[in-house]
Every structure is written in structure tokens, then in C-alpha cells.
Amino acid sequence: MVWPIVQFALFLAVTGYGVYLFVRVVYHRYLYIKLGKPSGLSKDIPERLRTFLVQVFGQTKLMKDRKSGIMHIIVFYGFIILQLGALDLIIKGLGGHGLPVPGYEIFGLVQEITVALILIAMGYAAYRRYGEKLARLKRGWKPSIVIFFIFGLMISVLLSMGFERVQQGLPTSSLAPISSLLAIAFSGLTPTGANIGFYVAWWAHLLILLSFLVYVPQSKHFHLITAPLNILLRRTEPVGRLSKLDLEDETAESFGVGQIEDFTQKQLLDLYACVECGRCTSVCPAASTGKILSPMHLIVKLRDHLTEKGAAITSKSPWAPAYVFGGGTSAHQMDYSSDQLHAWNEVAVTNIEPTLHAQKQSWALGSKEPREMELIGDVMTEDEIWSCTTCRNCEDQCPVSNEHVDKIVDLRRHLVLMQGSMPHDGQRALTNIERQSNPWGISRNDRAKWVQEIDPSGELHIPTVKENPNFEYVYFVGSMGSYDNRSQKITKSFVRLMIEAGVNFAILGNEEKNSGDTPRRMGNEMLFQQLCMENISSFQKYNIKKIVTTCPHTFNTFKNEYPEFGLEAEVLHHTQLLESLLGQGKLRPQHALQERITYHDSCYLGRYNNMYETPRNVLRAIPGVELLEMERSRSNGMCCGAGGGMMWMEETSGKRINLARTEQALEVNPTVISSACPYCLTMLEDGTKLKEVEDTVKAKDIAELLEASVFGS
């Protein structure tokens, strides 16, 4: 009678201590998150619950990598099933007879099959990390410790089942295939020996389980708790919408994010939800072409800094028990020089390994105290902050709904608004926009000059809103379409198609201003808001209710961000209008083009607005076209390199992003690389010139191709 009492007392003591350590660590990290600003999230409960159920229980994001997704689904649901088995095992170890489950033998079979599947899945996880050696996956004892935890848990379950069969003298059964085989192996044991073996396996299982419980919130596996919460609390407004700064707030001490506490609590929750799976970095155009930015390391470095600074501010240790996890007063910091980026391998189209190597070498314990650390400089370098193209491929791939782009833009906002710091060529573009409302600094009075340049004879009769006050659509031409010689050809094609289809449209002429997308993505929120209010004022002045534009950046800004400032209008991309006109029979593609066309998805049309089929439908309507798909297309399409203000800044390290994207397009042997964005078209056309194939492979906007089919070349 003594042993059951001792066993139960030890169980309570060990379990109680483990649960105490777990709660303590989670609570301390909760205090660190509370250091951030209130998030002010909208309710939208039905939408949140729908997304939560689909992404958490459907594991939809994980299935973007099918092999990894299947592995994770097995482990996820396997552990849910095994919770009943763990409870059953604990009851038996405390002297009970197990769970009173109907059809207990079937229950046991399900447990054994589940354990076997999890062992296979974890074996595959180890193979991907150390056999395939996927570049995005970290290697070493720390990233792999959970594999050992899970293997230990599964083996201890099977051993306890095997010893139990010997102990109770149970016969071999097809409903217990694995434990029956183990029982045969243990058949030489006496009942006492089998009993001892059972309790050794039982205690091993309990101690591993509790160690896992304590380790989880102190590692990347905290995502087991935070990821579902992060998905539930995700923003429900249009994806990628940047937060509105209250620039008139006289109590604000700074704008943007200059220290970790300036992030919102939801942004800080992102940091603890990260799985460190590297999916974000593997698709990042900057990391893929030898720049220092890695979205995964962005999150990890901010998380480490939050933990270290949070511990210093709250005086609550992040580690428990401290003698196991250690921890000191010094903090991690970035010690980076451009020399740490390996020379680019010209043979590879994309390669994330130089960036991963540089991040690994640069992020280490330094000499500074956590409170002395500069967020911009010691944690994130300006090179990283200005390498982002804001393409959102990282966010689209993230299985836990982390948002990277808004954090980078918030850091840019602090640099621009508070420190006046940004790359020189970017500053020149913003100064030109501020003075002349276009990035080149060409006179604002020449914004409508394109009308004479593309239609010197006046045959097209392109009216302004004053000349045609009864318009249905206002065509917002944008800076590229107005001033850039190449983009003016797109403008002309689209105008000809609208006139042919009988669309009642007008332009703002010289009253049109820059949309503000570039200033906002580059961190100059003040200039963006000024342009935004001036444009909205013009829209209201002329009672504009429908806007069409050929630029996805303008389309996204008007459609998803201007409404927060008072815009009430329907916004269309030109491919949407063209698709509608084709469907109504107002445009008739009559001339076959006989071209092999691959379509490049604009990030701001695709990932920001989920518009993938509309441009392709326009191409499919053109006779003679053979539509080809790149390996990276649609939601996984690679950025051209122009977004986030990068159109106006030079790339200073690694490979040019537009060159890499052009090489991906050339892999399918097209005669035309098509786009629906003037930025993308410029970058892709430059790419064909760099590859010296501009004579055989043309870069064309969809409007140009449709024009050729409607009117003939």
C-alpha cells in the first residue's frame, strides 16, 4: 500500500512543478506582449471564427508545401488523438484500470496506429532537415530537440503497452499489433520485471511530457499556443492595409516604430507565433537574390529583443528553471557588414543560402544591456529595412498568419518621419513627388501632356472631366502612365480599347496627382496623407463614382486604403474593365497573335487583391495565344522587384530581382512576357535586355496585346 501513495505523491509534486513552470513562463511572456500599444482590433467574430477553423483545423496554409503539410497534419491530429491515450496511461500508472472507453481494444488499436504514424512523420521531418537539407530549415540540437521529445514520447507509450501485456499475461492480438510484438520480445520477463519496466516507461513518458510542456513556451514551439490565438486575432480588413497614423496627435512623442514597445500588442504576438519554418524567407525576393533581409530572421530577432528587453523592464525572467536555460544581462545584437554576404552564384536563379549565412553569423550575444539596444541599428539594420519590396509573399506563405510588411513599413516610418533617414535615390523620388507630384520631378503642368504625345492629331478625343462632365468612369492614368515613355504606350492602348467599346470616360488631366502609394510604402505617411486628401477632394469635386486605373499600386491604394480617409467610389483595374467589355461583346479580338505568352502576376493585383484569373481571362480571349505558366505563378509568383519604393532605388547587393524573375519567365520559352502593371513591365523589359533576348522575347501589357488583336498589329 505504500508504493501507490508514494507514486501518487510524486506524480502530484512533479506534475505540479511542471505546470507551475509552464504557467510562469507563459505569464512572463504575456507581460512582455503587454508592453506594446493596444491593437484596437475590429470584432468581426464570424469571419475570425471561419478563418480560425479553416486554418487551424484545416491546416490550409501548411498545405502550400504539400509534403510538409501532410506531415504536420499527421502530427497535429495525432497528438489530439493521443491525449486520450496519455490520460489512459496516467490513470493506469496511478493504480486505475484505464479509461472506461466502449470498445477498448479498438481504442488501443487507434492509439498504436497513431503512434506509428507520428513516428513515421517525425522520421520524415528529420529527413527533410538532415537528408534533403532544405536551406530554409535550421539544423543543430536546438531546432531538433522537439524531434527527440516526440520520439521519446512515442517510444515510451509503446514500451508501456508492451510491458503491460506481459504484466497482465495478455495474448497476442491483431488489435494490438505493435504492443504484441514488443510483448513477445519481453516474454522472458517475470511479472515483477514487467511491472518495473512499465513504471520506468510510465515515468519516462510523464517526465518527457512535462519537460516538453515547460520547453514549449521558451522556444519556437510556443506557436502551439500562440499560433491559434494569432490566427483568431488576425486583422480582418483588406490584406496589407497599412495602419493610419494620427499625425495631428499633439501628445505623440514619435511616429513609426523606434523601439520594440512601439509595436502593437498584436504585432508582438506575431513574434511568439513564429514557427521558424523559413517558408517566408524561401520565397522572399530580397533573400532569394542575396540581400541581407530575411523575413524569418526579422521576426526571430524582434522576438529575441522583446524577450530580453521585456525581462529587463518587467524584472520577470523569461527562463524557467533558470539553471537549465541560463540567461544573462547581455542581449543579442546585429553585428553585420556587407562582407558577410557570400559572393552571388551567377549560375543560380535564386538562392537564399548567402542571406541565411549572413544572418546566422551576424546575430549573437553582444556587450550591450537590453535597454541600451537601438531597435534600428542593433536589431534591424537599415539595409534590411530598405530591401523589402512589400510583395507580401512572406505573409501569404506564413502558416500562422504573421505579418512582416507592416512591421518593416513602421520601421521605415520612424526612419523617415523622426530621423529623416532614407537612401539618397529614394529621398530624391519623394522630394520630386512632394514638389511636382511625380518621382522624376517633371513639371506637374505636363501631367496631361501625354494626350498630345500619343494622339498628336486629336483623333482619339480624350476628354477631361471638365470637357465631359457626364462621364461614367474617370481614368486615373497615374505617374507612370502620364510621364514614362514606355508606359504611355499602355495608356494609349487602353484608351483606344475604351473608345472602341464606347466607354464614357474622362481624365483629370493636370488636376491628377500622385496616388501616394510610393510615399506610404517608403514610410512618408505625411506626404501620403497630403496626396490622399488632395485626390479625394478632386474626386468629390467632380462627383466621381467610378475610377479605373492601369496601375495595381494605385488600384490597391484607392480600393483598400483611401476609404479609411473618406473615398466613396468603385475602383477597377483596367483588366477588370477589359474582361467585362469582352464578356459584353463590346470588344472583339479578331486577329490571331500566334504568341507563346507567360503572364507575370503583379503582387498588388494578386496577393493584395486576389486577382489572378481576370488578367488571364483577357489573354485567353485572344485567338492564337498559347498561355504558359511559370513555376512560380499566382499566389506564389515572385515579385519583379519594383514594389515598396524599390522602383526608385538601386539594388546594391546580390542579384537584381528583376533579372531573377525574367530568368524564371524564360524557363518556359515564351515569345512574350505579359504583365498588367507598368512597374512590372518596366522591370521585365529591363530583364530581357540584361539577358540580351529583347529581340526575341517582348514584354507587353495585357492592354497592348488585346489592342493588337482587336485592331490588328
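## Two helices in contact

In this predicted model, helix H2, made of residues 45-57, packs against helix H8, made of residues 223-232, at an angle of about 140°, and their axes lie 8 Å apart. That angle makes H2 oblique to H8, because only angles over 145 degrees count as roughly antiparallel.

On the H2 side the contact is formed by Arg48, Leu49, Thr51, Phe52, Gln55 and Val56, while H8 contributes Pro228, Ile231 and Leu232. Sorted by class, the contact of H2 with H8 consists of 6 nonpolar, 2 polar and 1 charged residues.

## The nonpolar cores

The largest nonpolar core holds 59 residues, and among these Ile462, Tyr475, Phe539 and Leu706 touch the most other members. Helix H30, which spans residues 702-711, gives the most to this core, with 6 residues.

Tyr475 can be looked at individually: leaving out residues up to four places away in sequence, Tyr475 touches Thr491, Phe494, Val495, Met498, Phe505, Ala506, Ile507, Glu512, Val548, Thr549 and Thr550. The model also has a second, separate core of 53 residues, and Cys274, Ala287, Met334 and Met380 are included in that core.

## Strand E9 and its partners

Strand E9, residues 672-675, pairs with two other strands described here. With strand E7, residues 596-599, E9 pairs in the parallel sense over 3 bridges, and in this pairing Ile597 stands opposite Val672 of E9. Strand E10, residues 698-701, also runs parallel to E9 and is joined to E9 by 4 bridges, with Ala699 of E10 as the bridge partner of Ile673.

In a regular strand, side chains alternate between the two faces of the sheet. In E9, Val672 and Ser674 lie on one side, whereas Ile673 and Ser675 lie on the other, and since all four residues are buried, both faces of the strand are covered.

## A buried valine in helix H18

Val416 belongs to helix H18, which covers residues 405-418. Is Val416 buried or exposed? The relative accessible area of Val416 is 13%, and because buried means under 20%, Val416 is counted as buried.

Apart from neighbours within four places in sequence, Val416 is in contact with Trp386, Ser421, Met422, Met522, Gly523 and Asn524. Val416 can also be placed relative to Ile433, which is 17 residues away along the chain, since the C-alpha atoms of Val416 and Ile433 are separated by 15 Å.

Definitions and conventions
Residues are numbered from 1 along each chain as its sequence is written. This is a predicted model: local features need pLDDT of at least 70, side-chain atom pairs count only at pLDDT 80 or more; totals for chains, interfaces and linings use all residues. Side-chain values use heavy atoms; hydrogens and water are left out. Axes are lines fitted to C-alpha atoms, for helices over the stretch in contact, and angles run from 0 to 180 degrees between N-to-C directions. Angles under 35 degrees count as roughly parallel, over 145 as roughly antiparallel, 65 to 115 as roughly perpendicular and the rest as oblique. Contact means heavy atoms within 4.5 Å. Ala, Val, Leu, Ile, Met, Phe, Trp, Tyr, Cys and Pro count as nonpolar, Asp, Glu, Lys and Arg as charged, and the others, Gly among them, as polar. A nonpolar core is a set of buried Ala, Val, Leu, Ile, Met, Phe, Trp, Tyr and Cys residues joined through side-chain atoms within 4.5 Å. Buried means under 20% relative accessible area, exposed over 50%, partly exposed in between (1.4 Å probe, protein chains only). Two strands pair if DSSP finds at least two bridges between them.
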